[in-house]
Each structure stands twice: as structure tokens, then as C-alpha cells.
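Here is a briefing on one protein chain and its ligand. Please keep the sequence and the 3D view open while reading.

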Amino acid sequence: VSNGSQRGILRAISGQDGEKPDFAVELNATNFDSVLKETPAPYAIVEFFAHWCPACRNYKPQYEKVAKLFNGADASHPGIILMTRVDCALTINSNLCDKFSVKYYPMLLWGPPKKFVGWDPKQENSEILTIERGRTADILLGWINKQLGSSYGFDDEKYENEHLQRNFSDPGQIAKAIYDVEEATSTAFGIILDQRMIKSETRASLIKFLQFLVAHHPSKRCRKGSADILVDFDNLCPSDILLANNEADSCSKKGTLGNYQICGEEVPRGYWMYCRGSKNDTRGFSCGLWVLLHSLSVRVEDGESDLAFRTTCDFIYNFFVCEECRQHFHGMCSSVSSPFKKARDFALWLWSAHNQVNERLMKDESLGTGDPEFPKVTWPPKQLCPSCYLNPRKTSDENSKIDWNENEVFKFLVSYYGKELVNLYKDKELQAGGGTEKTVNEELVASTNAVVVPLGAALAIAVASCAFGALACFWRSQQKNRKYKHLYSLKNI
Ligand SMILES: Cc1cc2nc3c(=O)[nH]c(=O)nc-3n(C[C@H](O)[C@H](O)[C@H](O)COP(=O)(O)OP(=O)(O)OC[C@H]3O[C@@H](n4cnc5c(N)ncnc54)[C@H](O)[C@@H]3O)c2cc1C
């Protein structure tokens, strides 16, 4: 998907355009496969229409009324059905519409998004169905409800979030959070550039965090995007420029750095799934950031645990725009007196620090500052991890300290933020890769195709420490080799 068309899609979804946005996402022959392959939604509807067709124009408000329920930042049921449309009157889409044997307008097809990709019309038992009678919004929603056994209604428009409400007995919810981790990463990077936060005193901290992401981000495309930025970092945001002018344009959104998408072109998507609040301004980014930090913490090895701890602390201190949050977190970081030697200790420290924040906020939230649908709890609640509790609290004993079984908590964190988080995502990666799973090393090397790798701060810090595990080390040596190869070839010109 080209930058421009992707931005168009994001605008359509997030409604940040000046004019009233469409909720259904406009697809064309160029982005059709990639958008449908990438969407986390389990179902898609494609409306084939022609812009000159009066019946289609009349139908648009009906289709949009349904799309508003499922697409966009204020959808009541996000992430379930991606509603799209293809204009068959555009020459670029002729083959696409022919492939789906579009015989009349508007024609609606329903199915799992990935089944639209590489669809063969001769295929028997296809999971793609024609929605024969979707002529009004009511009929279309009725058809969907019948198909899914759901009871969605247009009254759900009030940005309610009942289906995502915290359900402690459903640990499977975390599988959705991988999309929020990507969104949080991309949002954090966007804020850093927007707010011109890369300065001479914060630059090294960002480089360290990018290395952390390259080695341990649970999403492949964020590892790849972070590696791309890291490789070019010294060119894009040289330290001498920052020393001369602490507010260098090149290190902000205005510079080339602003063209980099840390998690690829499809992210951010403009909505949150696991971290979606019941109101627009609650949860979202700060929840996604926590999940990112926990997911990183359970992926480090013993030897990197202290660096991971310091990298996390410095990143939050330098780049988290919530002043109270960063100061409070800094206080917790500063109270750690001896270096971490075990990955387990770092993961448990982060868990415990997060619980201290939760406990502090529980009091504030009685003032109505939190999200009423998602009250803060001491985490994980018993429903999610019964074995984490040594002595279950008695009702009369509500305020006593919980006696945690830290071995069980660690096991739980590793499984929750490790395997379970990437449950859905792995399938997606495999499907996207056509069934052949490349090693992460190959992916990283393939992704970092810069011709010249600068041997400045990024690489110097990287090569010197090799601290973030074998994977990052491997990647760094690849960069180093390329640098030398490049210099060598230059010398021979
Ligand atoms: C580093 C940091 C510091 C912050 N400090 C402050 C602050 O000082 N004041 C303030 O008002 N807000 C602070 N925030 C924001 C606040 O913590 C919440 O992120 C925000 O209120 C949204 O809450 P939430 O209900 O989505 O759950 P969050 O607390 O954001 O948690 C996200 C998810 O993580 C899981 N989780 C909860 N607790 C734990 C735990 N102990 N270990 C592992 N997983 C857990 C749950 O599944 C939860 O849904 C901070 C955020 C961050 C990232």
C-alpha cells in the first residue's frame, strides 16, 4: 500500500479529515490484498459499486450506517467486521471486479478477510458469501446478526464498549493486545517526533530503546521498522546537529525521520482493541504502553535484565509526556539499589511497579478520573491467576497485603505477555509468509537494506555492548560488515 493510499485509509478510519469521513474503507486494486490481509477483524464485507450508479448513491447512507457500528475511532463494535467498498467504475479496479464476477451494483460479499485475498471463483465450499438482501441498513444488520448469532443494534452507537469489557475469566483477550502494542509503539514514536523530544541529552536513550525493540518487540513488523530507523539514525539525526541546535528539524517530524513508520505502513490504525476505553479519552495509549513494556520484559534474557531495566526507566523518563507518570515512575526506578541479574527479577519489578501505580490510582479514581468500566485492580486478579495467590484474602481482611506466589506470578506473566499475546499474530505471520516461516534473523537482515551504515552513536553503542541478546548482536554484526563492505567497495571505485 502506498503511503498516500494508506494515509487515506487511516483518515477514513480515524475521521481526521476536514470533511465528514466515510466509515467504510475504500479499497482499490492496489491496496485490496494488503488491507484485507492485515486487518485484525475476523470478518469483512466488500461492497462492489460504481460511482455513477444512482442506486449505489442511494444505498450509501444505508451501508455507512452499518459501517459506523464497526469501523472508525468511535465504533461501538470495533475490530469485528471491516466494512469496505470498491468502485468498479474505475479502470484500475476492472480486473478486481471481474475476478469477483460482479454482475450488478451494489453487490455485497461477506467472508473472512484473508479469504478474499487470492480468491478463486471456481473454488467449491468458498467461505465467501453473497449478501443477497442487504438493501437497507436494518436488513443488512439483521443479516449480520443472523450470521454471527449476535444482537448488534443501531442504538449501540453511543460509543459503548460492552463486548470488550474486562472479562477476568477470559485470558484469551490478551491475544488482541498485540495490535495495541503495535499501535502504542507507533504512537510513542509519533509523539517523540511531533513534540521534538530528541535532544542531545535524550538521543542515546532513544537509540537504546530502539535496540531493545529490535531485539525483543513481540511484533515482527515493529522489530523490522525499529531496525530500519536504527540503521539510518546517525544520518537522519546526527549528534553534532543536536549539539549545535538542540531543536534540530531533522530529528523531528519535519525531517526525513518523519517518513519512517516504526511498525510499518498499516500502523497506527486509529483504534484500540484490548486497550479500548469506554470513553474516547481513557485507556488507549497509556494502556498500550504498559502492555508493550511488560511484553518486552518477559522476552529479555538474564544477562540483559539490568540494561533492559535502565533502558525502560530512561525511555519513560525522557519520552513519556505525562509529567506525573514519568516523575512517579522515575522515583520507583531510582529506588532500585542493586543491578538486576535475572530477567525474572526485572519482569517482577515492572509488574510490582505497575501495581503500585494501580493502587495509587484506585484512590484517585474514586474522584471519577478513571474509566468507570475499567476500574483499577491489583493485578492479576484471582480469576485470571488463582495460583498467583498464596493465601487467598478473606473478605474481612480486604486491606491486608496480598501474599503473592512470585514464581507463579512470573510464570503467568511469561505466558500472558509471551505466548498468549502473539497467539493470533503468529498465525497471521505464517499466512502472510505463504506458510514458510523465515527465521527472525533473516527477516531482520532482509529488512535492513541500507547501503551505508553509519558508524556513529547508534552503531558504536550497539557494537560495544551487544547487550540485548544474540539476535541484536547478530543484527549489529551484519550492519558492521555491511559498513566495511561498503567502505571497501568505495575504496575500489
Ligand atoms: C510507565 C507508566 C506510568 C504511569 N504513571 C501514572 C501515574 O503516575 N498517574 C496516572 O494517573 N497514570 C499513570 N499512568 C497511566 C495509568 O497507569 C494507566 O495506563 C491508565 O490509567 C489506563 O489504565 P488501564 O485501565 O487501561 O490499565 P493500565 O494500568 O494501563 O494497564 C493496562 C493493562 O495491563 C494489565 N495490567 C494491569 N496491572 C498490571 C500489572 N501490575 N502487571 C502487569 N500487567 C498489568 C491489565 O490487563 C491492564 O488492562 C502511567 C502509565 C505508564 C505506562
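**Disulfides, ligand shell and fold**

The disulfide link of C275 and C287 is left-handed, with -65° about the S-S bond. This pair connects distant parts of the chain, twelve residues apart: C275 sits in the loop between α10 and α11, and C287 sits in helix α11. Keep in mind that the model is predicted. The points below start with the cysteines, then turn to the ligand, the chain as a whole and one tryptophan.

**The C275–C287 disulfide**

- The sulfur atoms of C275 and C287 are 2.1 Å apart and form a disulfide.
- C275 has 0% relative accessibility, so the residue counts as buried.
- C287 has 14% relative accessibility; the cut-off for buried is under 20%, so C287 counts as buried too.
- In total, the chain has seven disulfides.

**The C222–C263 disulfide**

- C222 is joined to C263 by a disulfide, with an S to S distance of 2.1 Å.
- The torsion about the S-S bond of C222 and C263 is about 115°, and therefore this disulfide is right-handed.
- C222 belongs to helix α9 (residues 220-236), while C263 belongs to the loop between α10 (239-244) and α11, so the pair ties together parts that are 41 residues apart in sequence.
- C222 is buried, at a relative accessible area of 0%.
- C263 is buried as well, at a relative accessible area of 1%.

**Other cysteines**

- The sulfur atoms of C385 and C388 lie 2.0 Å apart, and these two residues form a disulfide.
- The link of C385 and C388 is right-handed, with 80° about the S-S bond.
- Both C385 and C388 are buried.
- C53 counts as buried, at 6% relative accessibility.
- C56 is buried, with a relative accessible area of 4%.

**The ligand and its shell**

- Which residues come nearest to the ligand? Of the 25 residues around the ligand, they are Y274, R283, H354, R360 and Y417.
- By class, the shell holds 14 nonpolar, six polar and five charged residues.
- Three helices each supply at least two residues of the shell: α11 (285-297), α13 (323-334) and α14 (343-365).
- Helix α14 gives the most, with seven residues.

**Polar contacts to the ligand**

- Y417 places a polar side-chain atom 2.7 Å from a nitrogen atom of the ligand.
- N358 has a polar side-chain atom 2.9 Å from a nitrogen atom of the ligand.
- For H294, the distance from a polar side-chain atom to a nitrogen atom of the ligand is 3.5 Å.
- How much of the ligand does the protein bury? Taken alone, the ligand exposes 950 Å², and the protein buries 92% of that.

**The chain as a whole**

- The chain contains 19 helices and five strands.
- There are 493 residues in the chain, and buried residues make up 49% of them.
- Among contacts in the chain with a separation of 6 or more, 74% are between residues 24 or more positions apart.
- The accessible surface of the chain is about 23200 Å². Carbon and sulfur atoms account for 52% of that surface.

**W119 and its contacts**

- W119 lies in the loop between α5 (113-116) and β5 (129-130).
- Is W119 buried or exposed? At 14% relative accessibility, W119 counts as buried, because the cut-off is under 20%.
- Not counting residues up to four places away in sequence, W119 touches K99, F100, S126 and I128.
- Of these contacts, K99 is 20 residues from W119 in sequence, and the two are 8.1 Å apart in space, C-alpha to C-alpha.

**Points to take from the model**

- Helix α11 appears twice: this helix holds C287 of the C275–C287 disulfide, and α11 also supplies at least two residues of the shell around the ligand.
- Y417 also appears twice: this residue is among those that come nearest to the ligand, and a polar side-chain atom of Y417 lies 2.7 Å from a ligand nitrogen atom.
- The handedness of the links varies: C275–C287 is left-handed, whereas C385–C388 is right-handed.

Methods:
Residues are numbered from 1 along each chain as its sequence is written. This is a predicted model: local features need pLDDT of at least 70, side-chain atom pairs count only at pLDDT 80 or more; totals for chains, interfaces and linings use all residues. Side-chain values use heavy atoms; hydrogens and water are left out. A residue is near a molecule or strand if one of its heavy atoms lies within 4 Å of it. A polar contact is a pair of N or O atoms within 3.5 Å; within protein, one must be able to donate a hydrogen and the other to accept it, and residues adjacent in sequence count only if both atoms are side-chain atoms. Accessible areas come from the Shrake-Rupley method with a 1.4 Å probe; for residues, only the protein chains shown count as cover. Helices (H or I, at least four residues) and strands (E, at least two) are DSSP runs, numbered from the N terminus. Ala, Val, Leu, Ile, Met, Phe, Trp, Tyr, Cys and Pro count as nonpolar, Asp, Glu, Lys and Arg as charged, and the others, Gly among them, as polar. Buried means under 20% relative accessible area, exposed over 50%, partly exposed in between (1.4 Å probe, protein chains only). Contact means heavy atoms within 4.5 Å. A disulfide is a pair of cysteine sulfur atoms within 2.5 Å.
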